[in-house]
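Student: I've got a model up on my screen and I'd like to talk it through with you. Can we go step by step?

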Amino acid sequence: MVDFASLDIDTVDELVSALEDELGGVSTRWWNANKSVVAGYLRSLAEATMQTRVALANHQIPAEAADMIMRNQQLAFNQTLQFTRFMTLVLAQQLLDATFKLIGWVIYNKTGVNLAPSLVQPGTTA
Amino acid sequence: MKLVHGIRAAMVAGLALALGACALFAPPYDATLDQKTTAAYESVAKLAAQAEMGLYQDKATYAGAVDTYATIHGALAVAAVRAASAPTAGKRAETARDATVGFVKGCSAQVAGLATLHRTYGLVPGTGATTAMMVSCDQAAKAVGGMKN
């Protein structure tokens, strides 16, 4: 359990680590299944967050601008969560296509009958 | 005899449909959509790079950048319409298609968000202002290219 009141983070790496712990704490299963897709985006979020924090502290931007930037980050991370679900569907389709492409070729090579014309395309090497 | 041949042909056609029409989880790859989305993403990346190099630090520069924002919006709108018309063969593929449209629109919304920030405060380099847009548009480009072999 994170003690938010004493959270003292100064580097991107520290923030990435804290975010990973937090997401893993919410759902270890989700994190393990999606960390390969999410890790890069999480680091981008951490880097941008540290930039916004420093700019705000140094009065380079007003609080209102920082608020707009962080709201945009929230929308982007919400999209990242949807992206993990989308990539699961893409993987399922790729597995389906790979399986029936091979099966289609097995049948075509022995019978001349093409049962999967969108996947089995004689005359092309792919 | 003719009847037997007809039945056999119908069975082969039916099987071909079963194995061939298999966009069950995601729509098939669309090279034109990929090209359009990638081109828009490159324009987004150029806009972000210009902002991070300090070109738009002063909010007064917004007027000169409106055409760039509008061009990107237009390109993404065309991509979203094309993505929405992708063929599917099931509920899950429809979900994937709708998600792809959502990513392209999400990219467009982030461009609009950056435009609002630009118009209101200017885009100060190194403040994290462009990252959300780059992330959303990267995902849109990856989504439309997801089924490319």
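Student: What do the buried residues of helix 2 of chain A pack against?

Tutor: This is a predicted model, where local features need pLDDT of at least 70, side-chain atom pairs count only at pLDDT 80 or more, and totals for chains, interfaces and linings use all residues. Residues are numbered from 1 along each chain as its sequence is written, chains are lettered from A and ligands numbered from 1 in the order in which they are written, and side-chain values use heavy atoms, with hydrogens and water left out. Helices here are DSSP runs (H or I, at least four residues; strands are E, at least two), numbered from the N terminus, and contact means heavy atoms within 4.5 Å. The partners are helix 1 (12-26) and helix 3 (63-111) of chain A, together with helix 5 (131-144) of chain B.

Student: Which residues of helix 2 of chain A are buried?

Tutor: Buried means under 20% relative accessible area, with exposed over 50% and partly exposed in between (1.4 Å probe, protein chains only). An α-helix has 3.6 residues a turn, so residues three or four places apart point the same way. The buried set is A:Trp31, A:Asn34, A:Val38, A:Tyr41, A:Leu42, A:Leu45, A:Ala46, A:Ala48, A:Met50, A:Thr52 and A:Ala55.

Student: Where does helix 2 of chain A bend?

Tutor: Start with the span: 1.5 Å times one less than the number of residues is what you'd expect. For 30 residues, a straight helix would span 44 Å, yet helix 2 (residues 28-57) spans only 34 Å between its end C-alpha atoms. Taking the angle between axes fitted to the seven residues ending at a position and the seven starting there, helix 2 of chain A bends by about 80 degrees at A:Lys35.

Student: What is the radius of gyration of chain A?

Tutor: Chain A has three helices and zero strands. The globule rule (2.2 Å times the number of residues to the power 0.38, with the radius taken over C-alpha atoms) is the yardstick. That rule gives 14 Å for 126 residues, and chain A is well over it, so it is more spread out than a compact globule, at 23 Å.

Student: Which residues touch the most other members of the largest nonpolar core?

Tutor: A nonpolar core is a set of buried Ala, Val, Leu, Ile, Met, Phe, Trp, Tyr and Cys residues joined through side-chain atoms within 4.5 Å. The largest one has 55 residues, and the answer is A:Phe86, B:Tyr69 and B:Met133.
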